[in-house]
Structure formats: structure tokens, C-alpha cells
Amino acid sequence: MPIPFIMPKVDMDQEKATIISWEKSEGDLVKQDETVLIVETEKVAIDVTAPATGTLVGLKFKAGDVVPVATIIAYVLKPGETLANIPENAGKPTQLKAAPEVVAAPQQSTAPIPATPLAIRMANELGIDITLVPTSGHRIFKEDVEAYAELTNNVTTISQTKTDKIAATPAARRLSRETGIPLDSVKGSGPFGRIQAEDVTSTSVTTPQSSSDRSAEVIPLIGMRLKIAQRLQASFQEAPHIAETVEVDVSRLEVIKKHLNETAELNGTAKVSMTAILVKLISWALERNSYVNSSLINESIYLWKNVNVGIATSIESGLIVPVVHDANLLSISQIAGRINDLSVRARQNKLELKDVQKGTFTVSNLGMYNIHQFRAVINPPECAILAVGAITRKPIVVDKNDSISVRPIIAFTLSADHRVIDGVVAAKFLNDLTKVIEYPEILVSSIS
Amino acid sequence: MPEITYLEAIRQTLWNEMKRDERVFIIGEDIGRYGGAFGVTHGMLDEFGEKRIIETPISEPSIIGAAIGAALLDMRPVVEIMFMDFILLTLDQIGNQAAKMHYMFGGKATVPIVIRMPGGSGSGAAAQHSQSLETLLMHLPGLKVVTPSTPYDAKGLLTTALRDLNPVCFIEHKLLYKMKGEVPEEDYAIPFGVADVKRKGKDLTVVTNEIMVHKTIAVANRLASEGIEIEVVDLRTMVPLDKQTIIESVTRTGKLLVVHEACETAGWAGEIMAVVSESRAFDYLDAPMRRLTGKNTPIPYNRDLERAAVPQEEDIEREIRAILKGEY
Amino acid sequence: MQKEETFVTKASRLKLTNEQLIDMYRTMSLIRQFETMADKLYALGKVHGTMHLSAGQEAVAVGISRATIKDDYLINHHRGHGHFISKGADINKMMAEFLGKDAGFCRGRGGSMHIADFSSHNLGANGIVGGGIPHSLGVGLAIQMKQLNEICIAIFGDGASNEGVFHESLNMAALWKLPVLYVCENNMYGMSMDVARATAKLPIAQRAEGYGIPWYYIDGNDLLTVYETMRDAAEFIRSGNGPVFVETQTYRYFGHSKSDRNLYRSKDEIDDWRDNKDPIARFKGQLIDHAILKEEQAEEISNETLAVIEAAVAFAEASPDPDPSTVTEYVYA
């Protein structure tokens with residue numbers, strides 16, 4: 001087998017070497033370790049010696065050629081061997097290393113388009129063929145591209161690419177993305193007019209909407225909000241809601257409330273709210289109107305023996321309905337204590353599961369928000385919900401002589417699931433409720 | 001819980017570990033009768049003898065080299081380098097040898113050494129005895145870098161260091177040596193790579209370490225009376241770095257100040273900012289991230305000059321106010 | 001050394017059997033084959049980085065390894081192939097490491113300069129000149145503390161003797177009477193720097209005098225001299241007398257590393273060492289002269305060792321490269 005004579009690698013990061021001169025010619029006899037050619041790397045000139053003793057044949061490269069290391073550059077034949085024994089791949093790099101293509105000398109470089117990277121990028125952005133851009137010097141600069149763009153009426157595009165970036169903090173940019181409020185519609189309050197996060201959030205509240213576009217704070221419908229949405233939507237779609245309203249004179253309740261609170265103060269116990277008193281009276285009415293205190297579950301109507309009154313409570317993350325269990329069996333002050341405990345824990349997110357389970361009826365009171373009258377959506381699987389309005393002082397007829405008197409009035413609106421509760425059933429409940437509010441002595445034995 | 005000093009916490013930990021593990025020994029200059037330049041090893045020679053409290057000539061590179069050799073034979077050497085500044089004498093042994101061996105020998109070698117080094121300024125020791133060089137060490141993969149700020153942390157982190165299989169640079173700020181704090185007598189370890197939020201706050205995050213933790217907390221307490229709530233993140237270990245805590249904190253506050261005593265250029269404040277920039281916290285930034293660091297100067301001798309060379313409480317306060325006022 | 005003593009008398013005084021002598025020859029031959037193959041592989045572009053070949057220094061490696069016990073700890077320099085081979089390292093794993101393969105001693109992370117085999121108490125070669133010398137202190141201390149029978153052999157070159165840690169370490173080793181055999185393998189050049197231009201007073205070994213360490217300056221190309229000196233030194237150390245320093249005068253044939261064009265030394269000088277002082281040719285001559293080895297046997301050994309090396313190359317080339325996704329493995333234990 002002819003012995004391959006390779007271009008040696010002599011340096012750590014060396015990839016190729018230039019042949020300076022051949023000291024031996026085709027057909028010469030060479031001795032092992034005898035210098036055959038001189039090559040040059042980037043660092044040094046090297047004598048390359050013969051790998052074996054024999055006849056030097058198959059010289060592939062001439063002086064000046066740049067040859068990748070490990071390329072076979074010739075062969076050494078032992079006596080009796082011929083060139084015919086040389087394998088096909090002579091002159092190709094040996095296996096293992098993907099060396100760069102052999103470059104013949106002398107090397108003539110073909111110059112690329114002389115343009116700066118910025119100029120090339122700008123030309124690409126403007127859709128300009130960079131080779132058409134006339135140069136003012138040895139290279140095409142940004143200014144050349146701009147001048148060419150102006151000539152070819154690309155001015156508007158130019159001005160767009162030149163638009164200064166709006167100064168905004170990363171948080172402001174994020175909020176802009178999330179809300180869809182464009183940053184150029186926001187006035188920056190930060191240093192150098194930089195837009196801060198707060199500038200974007202306040203824009204979403206106060207900036208008048210432009211006619212073509214709306215801006216909003218976008219909040220994903222997730223977690224508790226999603227549950228509320230699903231429950232109430234289901235309720236409103238599945239349960240045919242009917243609503244009936246009564247206006248009730250609550251002067252007697254105000255007296256009772258005052259009395260109870262004076263007692264509470266003396267005893268050092270918690271004050272009672274109008275809600276607590278109403279829950280007591282509502283429980284009394286529920287005891288007498290079992291269809292209103294019911295649930296519709298899997299095509300069965302459950303008429304509950306217990307009276308568990310849920311109080312719709314607004315908290316930061318949404319709406320929650322903690323339950324006063326067996327409200328009919330509790331005194332007003334017990335109910336007041338229980339409501340107080342539940343609402344405190346609700347706001348601290350510390351309600352337990354049992355606090356919100358097993359409700360049989362719900363009361364929603366917007367009185368403190370000065371809402372006079374409203375309709376609530378039933379809290380399924382319950383069949384009715386009572387919406388309690390604000391106490392309003394109204395002139396009403398108080399006797400058979402049509403005497404007018406100003407009295408504290410609350411409007412109660414019962415929303416009922418008509419699948420279970422007929423209009424008359426709802427009306428009877430409201431009448432009972434009216435009766436007990438106007439004549440609370442009916443349940444005097446329970447008041448303490 | 002007993003109150004002991006930072007120095008006593010370190011001594012107690014070394015003492016207990018030497019009782020527990022006979023492979024542990026201490027090697028360094030003047031650590032015997034003298035008790036070490038700062039007195040950390042005081043009394044240990046009598047207890048453990050000169051075979052385990054090995055006093056050396058002044059030959060820092062070879063002291064570290066000796067520790068490496070012993071570690072290769074499964075010993076647990078603790079090196080005391082008298083001043084952190086002297087690690088510059090030893091960088092070959094720390095950086096080319098200890099840090100690299102596990103890797104370059106394909107996982108076959110482990111180098112469980114702890115190099116204790118008092119660092120930091122404030123003692124009037126001037127340019128060659130006052131540096132904070134943790135960044136230098138952080139840049140050498142293979143090393144762990146620990147910077148405890150309290151006696152409690154010092155004990156828990158040193159315990160972990162002594163049981164770690166890697167070379168650990170344990171940096172003790174000189175001014176903390178006398179600081180007292182509650183330290184349980186029983187053995188406990190604080191894992192590396194877990195930053196400690198030393199103070200919760202919602203308005204701005206300060207990421208810091210060692211003595212600057214205390215300066216920052218003092219400032220934060222003052223600002224709290226004005227309703228400004230500063231969150232103070234004590235990194236505790238620089239390598240490994242608890243990126244998660246930094247990211248979470250900045251995501252909440254939207255503002256970051258990094259405070260360190262080491263000088264500014266290529267200091268680790270830049271690293272912390274990079275961590276934030278590369279993370280989701282970037283999108284919550286509502287002010288430029290800022291750093292407050294030692295000046296790019298050697299530590300001077302004169303007391304006022306020395307104070308001026310590194311961040312003081314008033315500097316931290318001024319910087320926090322400036323960020324919150326939107327001055328940057 | 002005793003000039004009149006014949007080779008045979010010396011060998012028998014050293015209680016070396018013919019089998020042992022031939023084995024020593026074989027090991028030197030194996031090292032030479034490895035280094036020659038390494039050079040070839042490099043020229044073929046199969047070696048990624050650099051390498052430092054020890055051809056010409058084989059007698060030092062073999063003399064030390066045969067004069068000490070297998071479990072003695074070895075701290076090595078960057079020109080360390082010979083010491084590893086003579087300590088019995090797996091040639092396949094060495095070659096695989098040399099080619100950067102996953103099957104190598106260091107799973108391709110170390111390369112030629114950082115071969116280590118901790119299981120055979122070979123604590124690794126060092127890429128930093130003199131970097132390993134202070135490790136001998138800790139190894140020595142650990143041996144003392146654990147009351148082991150082993151000693152530590154710390155080998156470095158003439159260049160390393162001008163590093164600070166050299167002096168620091170000799171001082172401490174002497175102070176603490178550590179069980180360390182310091183071997184300065186003087187091959188005359190620190191890269192291109194002639195030892196006579198780098199070292200104010202020669203031999204290097206006399207520096208040990210200043211630290212109160214017994215020292216020898218010997219012909220590192222005479223195998224039996226190396227063997228005898230190292231054996232005596234190791235025995236002295238093992239008996240608890242503290243360190244010994246041996247300087248072995250030798251020569252490297254190849255350049256410092258592969259970028260070397262030998263501009264700092266003459267071809268005549270290299271040829272003189274190759275032709276007249278080669279440790280392998282010299283030992284072979286002695287063995288043949290005294291009929292311990294026949295020429296055909298020598299030929300056979302040469303073929304045999306070449307076959308071992310070729311098999312190692314085949315093994316290494318067939319081994320997979322390390323998976324790039326594992327690049328950060330082993331940064332921390």
C-alpha cells in the first residue's frame with residue numbers, strides 16, 4: 001500500500017497551511033524524516049518530513065497553495081508499488097475532520113457589497129436593493145440609504161423608522177400590552193416624561209375613549225370570578241326568575257335595634273345590625289313558607305327543615321355567601337355575633353368550607369350602598385333570594401283616614417325560581433315577612 | 001436562645017464540627033496560641049492539639065494547596081486566610097486548582113475545603129486589608145461563595161460549608177465579628193442558595209449581603225415611619241445565587257436597588273440586574289434598576305475617606321428616596 | 001555512582017530479576033509507542049487541543065514507579081503520560097481521554113494535560129507549572145493523620161522549581177517531616193527557556209539543602225540509577241524521616257508542545273541525546289549485552305506494545321464523544 005503523505009497539523013488552532021516550497025520533486029527518492037517540503041502556518045514555517053522511505057509520487061499541490069491539515073498531499077511508494085495503488089480519495093481530507101475546501105493560489109478575493117450592516121438592515125427594512133444605492137465613499141452608509149430612499153419617495157417609511165421610541169418602563173410596556181392602551185396615548189409622569197406603570201393604569205380609568213378605539217384594563221376571567229360567572233349564568237339560564245316586591249315600614253325594627261344596642265352596650269357585647277334583625281325575622285317567615293326555603297336538586301324539590309340563611313358578602317376578589325346556620329333557632333344577638341364573625345373572616349379570606357355550605361336561602365342587602373330596590377339572581381340550588389334595599393324615609397298613608405306620615409321604608413324583592421315557587425307562594429312569604437316586621441312582637445319570645 | 005457574637009458563632013461551629021468529624025482540621029497563619037488574627041480560633045489549640053490546629057509559615061498559596069491535597073485524601077480542611085486580600089496571592093490554588101479539579105478530572109476528584117476569609121472595610125486597615133473580593137471568586141465556576149450577615153446565618157451556613165463536597169469560600173465581614181444575635185446551641189444547617197428576606201416590603205427591593213444588610217434594614221426602619229416599605233433581600237450565598245427570590249421580590253415591588261461594599265465595576269450588582277433583566281421580573285420594572293456600591297478605588301486609611309469609599313446608611317436612604325421619587 | 005559496577009552486578013544487588021528488567025524495558029517501550037502515536041494522531045488532526053510529549057524521559061517514569069509501591073500517591077506535571085503508563089493506568093482510557101472521548105479517564109473534560117485516575121492514587125496531572133507541588137503537603141498531612149503506609153510522590157519539571165510554591169512547599173514539608181518524595185524532572189527546558197538561563201545555581205537539587213532536605217542529582221536516563229535512588233529515597237521517607245529531593249537529568253525529544261519549532265536548541269543537541277543517551281536504547285543495549293534480552297525479543301516487544309497502542313486508538317476512536325448537553329456536569333460535586 002502506498003503510504004499517504006499528509007499535510008500535518010502542527011499547531012493547536014491550526015486549520016490549514018500554505019506550501020512555501022517543495023524540496024523534493026515527483027519521482028524523487030526520499031528517506032524517512034527527510035525534509036520534503038516547507039509549509040507555513042499563521043505562526044511559523046515548518047519543515048515537513050517524509051513519513052517513510054520510498055519514492056515520492058502523486059504531488060497534488062504546488063507552492064503557494066493553501067491546504068487544509070490532514071489532507072493527503074502526496075504518496076510514498078515502496079519498491080514495486082505503482083501509482084495505480086493510490087486510492088480514489090487522494091487530495092481529499094482524510095476521514096474524521098471536515099476540513100475547508102482547498103483554496104488554489106494565488107487568491108483573488110471577490111469583494112462583497114461594501115455597505116455597513118446598519119445600511120444593509122435599513123435597506124432591507126425599506127425594501128431597497130442595496131446594490132442600487134449610490135455610495136458617497138468606499139462604503140454604503142446609513143445616510144446613503146436614507147438619501148436614496150428620499151429620491152425614490154420612500155420618505156414616509158423613513159420617518160417611520162426614525163420615530164423615536166417612547167420612553168416607558170418595562171412595567172408600563174407590559175400593562176400597555178395587556179390592556180391594549182397604546183403608549184402614545186399615555187402621558188408619562190416619570191423623569192424625562194417616561195411613562196410609568198401608574199400612568200397606564202390611570203389612563204384606563206380616566207382617559208376618554210377615542211372614537212375609533214376603546215381602552216380597558218383587561219382582567220382574565222379566572223379563579224373565583226370564573227366560578228361566580230358560571231354559577232350565576234347557570235342560575236339565570238336554568239331557573240325562570242320571577243320577582244315580587246313589597247315595601248315595609250321598619251319603624252318598629254329601628255326601635256328594637258336601638259333597644260338591643262343599648263343592652264349590648266351595657267353588657268359589653270357586640271352591637272346588632274339591621275341585617276341581623278332582618279335575618280331573624282326572615283327565618284321566622286321561612287319557617288312558615290317551606291317552598292321558599294327549598295332547593296331543586298336533580299329534579300327533586302328539597303323542603304329544608306333547617307333554616308340556613310346565607311348573607312351575600314362582597315370581598316375584594318368577588319362575592320361570597322357565608323351562611324348563618326339554623327338562624328331560626330338563634331337569638332338576634334347570636335345571629336349578630338355570627339354575622340360579624342363570618343364577615344371578618346370573609347374579608348381575611350379565612351372562611352372554612354363549612355361556613356359557606358348548606359345554605360337554604362340567601363339574603364342580599366345593598367342598603368348600605370343606598371340602593372332602594374333591586375332584583376337578585378338566585379344562588380342555586382336554592383330556589384329564592386331576597387334583595388334588601390336601603391331604608392328610605394317616605395310619606396305613606398298610615399291609617400284608614402288616609403293620614404300621611406313619614407316612615408322608614410325598606411323595599412324587599414324576592415326573586416324566586418318559578419319551577420318551584422308560584423307567584424302566590426312568593427307573595428305569601430312576603431306577606432308573612434311584612435307582618436313580622438311590622439309586628440315583631442309575634443316572635444317576642446325569641447327576642448332577647 | 002443564647003445570644004452570642006458572630007465570631008463566637010463561627011468558633012462554636014468549627015469546634016462542634018471538629019468534635020463531630022475527626023477529618024476536620026484547621027490550617028492557617030497564627031491560628032494556634034495567638035488564636036488567629038481576629039481571635040476566631042482562640043482556645044482551639046488547647047482543645048484539639050497542633051495536629052488539628054496546624055500553624056503555618058506565611059505561605060498562603062501553599063496553605064491552600066495543602067488543604068487541596070488533604071481534601072483529595074478525603075480530609076475536611078478548613079483554611080483561615082488572615083485577610084481576604086491575601087487570596088490574591090493564592091488565586092492559582094483557588095481558581096486553577098480547587099475550583100477546577102472536580103470538573104477537569106471528570107468528577108473523580110472532590111475538593112471539600114472551606115476557606116475562611118475576613119473581608120470588608122471599616123477597620124482602618126487600608127488598601128491591602130479591607131477589600132471585598134467576592135465577585136472575583138463568583139467568577140470561578142466550581143467555587144461556592146458564602147457571605148453570612150448574622151450570627152445565626154454564620155453558624156448555619158458554616159455548618160453547611162463544612163459538610164459540602166466543594167471548595168467553599170466563606171467570607172466573614174470584620175465589622176460583623178462583634179455583632180450579637182440569637183444562635184441555637186444545637187446543630188443546624190442553612191442550605192446554600194436560599195436568600196433570606198430580612199424585611200418584607202412592597203415599594204422597593206434592596207438586594208444586598210453581609211454588613212450592608214444591617215445598614216439597609218436601619219434605613220428601611222426609618223422609612224417605614226413615612227409609610228415607605230422596603231424589602232431587604234439578604235442573598236447569604238453568592239454562589240449558588242437564589243435567583244428565584246430576587247425575581248419574585250422585584251416582580252412584586254417593581255423597583256430594585258442593589259447595595260454592596262465591593263467596588264462598582266464588574267461588581268455583582270451587575271449580575272443581579274442581569275438576573276432581573278433576563279427574567280419575567282423585567283416586565284414589572286417601573287424604574288431603572290440602580291446599584292449603590294463601593295467606589296472604584298482602593299480602600300483608604302483616613303476614617304472619613306474610608307467611610308466615603310463604601311455605601312453608608314445616608315447614601316442608601318438617599319438612593320432609595322431618589323428611586324421612589326422618580327429621579328432616575 | 002559506582003562506575004566500575006557492571007550492569008549485572010548492579011541489577012542483582014538491586015534484587016531485580018530478569019523478568020522484572022524485561023518488564024521495565026517493555027514499559028519504557030510502551031511509553032515511547034504511546035508518545036509516537038500521540039504525535040501521529042496530532043498530525044492527523046485527531047487531537048483537539050495541545051499535548052506535551054515525554055519521549056526521551058521514559059527511564060524517570062519507569063524508575064520511579066518500579067521503586068515505589070502501587071498505592072503511593074502520585075502528583076504529576078503536564079508532561080505526564082509516561083508516569084501514568086508506568087503506574088499502570090488503563091491505556092484505553094488514557095487514549096480515549098487524549099482524543100476527548102466520553103470513555104476517557106476524565107470523560108473528555110481534561111485531555112492530555114489533566115489525566116487523573118484517583119482509584120489508583122494517581123492524583124492528576126497539572127496544567128499549571130508547579131501547581132501541584134503544594135498539594136503534596138496536604139497529601140503528606142493526610143497520610144500522617146490517617147497513619148497510612150503510603151508516601152506521596154510529587155513530580156515537577158525544572159521550570160516549576162522557580163515558582164514560589166516550590167519553595168513554600170519544600171519548607172513546610174521539611175518543617176513537618178512529611179512523607180513526600182520530590183522529583184524534579186529536569187529536561188533542560190522550561191518551554192524554550194534553558195535551565196541554565198532560568199536557574200541561578202545548578203543543580204536545582206542543591207536548593208533542597210537550604211530546607212534541610214536530603215537531595216540527589218542523578219542521571220535520569222539511566223534506568224537502574226533512577227530505580228536505586230528512588231527506592232532508597234522512598235524507604236527513607238516511608239520510615240518517617242521526612243521528605244527527600246531527587247533531580248533527574250533527562251531530555252525531551254519533541255518540542256514543548258505542538259507549536260514548537262525547536263528554535264531555542266540545535267538539531268545537533270537533539271540528535272546527540274537521541275543517538276547517544278536515549279534511555280531505551282541504552283537499557284536495551286545493556287540487556288542484550290548481558291544476554292538478558294535477544295534482538296528478536298526486543299522486536300517482539302516493540303510489536304506487542306505497538307499493538308497495545310493501536311488497540312487503544314481503535315478503542316478511543318470507537319468511543320462516543322461526550323454529549324454536549326452534559327457540558328455543565330461535574331462543575332460541582
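**Figure 1. Gly180(A) follows helix H4 of chain A with a positive phi of about 80°.** The model shown here and in every view below is predicted. Helix H4(A) covers residues 170-179. Its buried residues are Ala171(A), Ala172(A), Leu175(A) and Ser176(A). They take up an arc of only 140° around the axis, so they sit on the same side of H4(A). The spacing fits a general rule. An α-helix has 3.6 residues a turn, so residues three or four places apart point the same way.

**Figure 2. Helix H11 of chain A has a buried side.** H11(A) runs over residues 423-438. At 1.5 Å a residue, its 16 residues should span 22 Å, and the end C-alpha atoms are indeed 22 Å apart. Which residues of H11(A) are buried? They are Ala426(A), Phe429(A), Leu430(A), Asp432(A), Leu433(A), Val436(A) and Ile437(A). Their arc around the axis is only 155°, so they fall on the same side of H11(A). What covers them includes two strands, E9 (241-249) and E19 (404-417), and two helices, H7 (251-267) and H8 (274-288), of chain A. The face turned away from the buried side carries the exposed residues Gly423(A) and Val424(A).

**Figure 3. Strand E4 of chain A pairs with E2 and with E5.** Strand E2(A) spans residues 16-22, and E4(A) spans residues 35-40. The two run antiparallel and are joined by 4 bridges. Trwo residues mark this pairing: Trp22(A) stands opposite Leu37(A) of E4(A). Strand E5(A), residues 45-49, also runs antiparallel to E4(A), with 5 bridges between them. Here Val39(A) stands opposite Ile46(A) of E5(A). A hairpin of 4 residues leads from E4(A) to E5(A). In general, strands of a sheet pair through backbone hydrogen bonds, either parallel or antiparallel.

**Figure 4. Asp355(A) lies in helix H10 of chain A.** H10(A) takes in residues 353-356. Is Asp355(A) buried or partly exposed? Asp355(A) has 19 C-beta neighbours inside 10 Å, so it counts as partly exposed; the buried class starts at 20. Beyond its neighbours within four places in sequence, Asp355(A) is in contact with Pro322(A), Val323(A) and Leu342(A). Val321(A) is 34 residues away from Asp355(A) in sequence, with 8.6 Å between their C-alpha atoms. For the wider setting, chain A has 11 helices and 19 strands. Of its 448 residues, 32% count as buried. Among contacts in chain A with a separation of 6 or more, 59% join residues 24 or more positions apart.

**Figure 5. An open sheet of 7 strands in chain B.** The strand order is E3-E2-E4-E5-E7-E6-E12, and the pairing is mixed. Which strands form the edges? They are E3 (53-55) and E12 (237-239) of chain B, each pairing on one side only. Neighbouring strands are turned by 20° against each other on average, direction ignored. E3(B) and E2(B), residues 24-28, pair in the parallel sense over 3 bridges. In this pair, Gly28(B) has Glu55(B) of E3(B) as its bridge partner. Helix H6(B), residues 151-163, packs on the sheet. H6(B) touches several strands, including E4 (76-80), E5 (114-119), E6 (144-146) and E7 (168-173) of chain B. The direction of H6(B) makes about 155° with that of E7(B).

**Figure 6. Chain B meets chain C.** In this contact, 35 residues of chain B face 31 residues of chain C. Helices H3 (60-72) and H4 (91-104) of chain B each supply at least two residues of the side that touches chain C. H3(B) gives the largest share, 10 residues. How many residues on this side of chain B are nonpolar, polar and charged? The split is 18 nonpolar, 14 polar and 3 charged.

**Figure 7. Glu97(C) lies in helix H5 of chain C.** H5(C) covers residues 91-98. Glu97(C) has 30 C-beta neighbours inside 10 Å, so it counts as buried. Leaving out residues up to four places away in sequence, Glu97(C) touches Gly104(C), Phe105(C), Cys106(C), Gly108(C), Gly110(C), Gly111(C) and Ile115(C). One of these, Gly111(C), is 14 residues from Glu97(C) in sequence. Their C-alpha atoms are 5.3 Å apart.

How values were computed: Residues numbered from 1 in each chain as written. Chains lettered and ligands numbered in written order. Predicted model: local features only at pLDDT ≥ 70, side-chain atom pairs only at ≥ 80, totals over all residues. Expected span 1.5 Å × (residues − 1). Buried ≥ 20, exposed ≤ 12 C-beta atoms within 10 Å, placed from the backbone. Arc of directions from axis to C-beta. Contact = placed C-beta atoms within 7 Å. Nonpolar A, V, L, I, M, F, W, Y, C, P; charged D, E, K, R; others polar. Pairing = 2+ DSSP bridges. Axes fitted to C-alpha atoms, helices over the stretch in contact; angles between N-to-C directions.
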